[in-house]
Amino acid sequence: MPIAVDIDVMLAKRKMSVGELADRVGITPANLAVLKNGRAKAVRFTTLSALCEALECQPGDLLRWEADDAADG
């Protein structure tokens, strides 16, 4: 997927656990894991906003675009 999710990077920088972030954001740890591992197909702006607030970061700190390797061939 060309969109990479860097929640784990921000968690490490903030020394925060997945469970603590899930509690602060108001989602289940399982749903946060789906998002964190790049398996989510979509993210609500309200969830993204809550993640940014809890991690004190910008959306670009959590999401980045990567070129698709299949397009290179």
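**Helix packing and the nonpolar core**

Trainee: At what angle do helix 2 and helix 4 pack?

Mentor: In this predicted model, local features need pLDDT of at least 70, side-chain atom pairs count only at pLDDT 80 or more, and totals for chains, interfaces and linings use all residues. Residues are numbered from 1 along each chain as its sequence is written, and side-chain values use heavy atoms, with hydrogens and water left out. Helix 2 covers residues 18-25 and helix 4 residues 45-55, helices being DSSP runs of H or I with at least four residues and strands runs of E with at least two, numbered from the N terminus. With axes fitted to C-alpha atoms over the stretch in contact, and angles running from 0 to 180 degrees between N-to-C directions, the two axes lie 9 Å apart and the angle is about 120°.

Trainee: Which term describes how helix 2 and helix 4 lie to each other?

Mentor: Angles under 35 degrees count as roughly parallel, over 145 as roughly antiparallel, and 65 to 115 as roughly perpendicular, while the rest are oblique. The pair packs at about 120°. Helix 2 and helix 4 are therefore oblique.

Trainee: Which residues in helix 4 are met by L21, R24 and V25 in helix 2?

Mentor: Contact means heavy atoms within 4.5 Å. By that criterion, L21, R24 and V25 in helix 2 meet T47, A50, L51, A54 and L55.

Trainee: Which residues touch the most other members of the largest nonpolar core?

Mentor: A nonpolar core is a set of buried Ala, Val, Leu, Ile, Met, Phe, Trp, Tyr and Cys residues joined through side-chain atoms within 4.5 Å. Buried means under 20% relative accessible area, exposed over 50%, and partly exposed in between, with a 1.4 Å probe and protein chains only. Of the 19 residues in this core, those touching the most other members are I7, L21, L51, L55 and L62.

Trainee: Which helix gives the most residues to this core?

Mentor: Helix 1 (7-14), helix 2, helix 3 (29-36) and helix 4 each supply at least two residues of the core. With six residues, the one that gives the most is helix 4.

Trainee: Is L62 buried or exposed?

Mentor: L62 belongs to helix 5, residues 59-62. Leaving aside residues up to four places away in sequence, L62 touches several residues, including I7, M10, L51 and L55. The relative accessible area of L62 is 2%, so L62 is buried.

Trainee: What distance separates the C-alpha atoms of L62 and D6?

Mentor: D6 is among the residues that L62 touches. The two are 56 residues apart along the chain, and their C-alpha atoms are separated by 4.7 Å.
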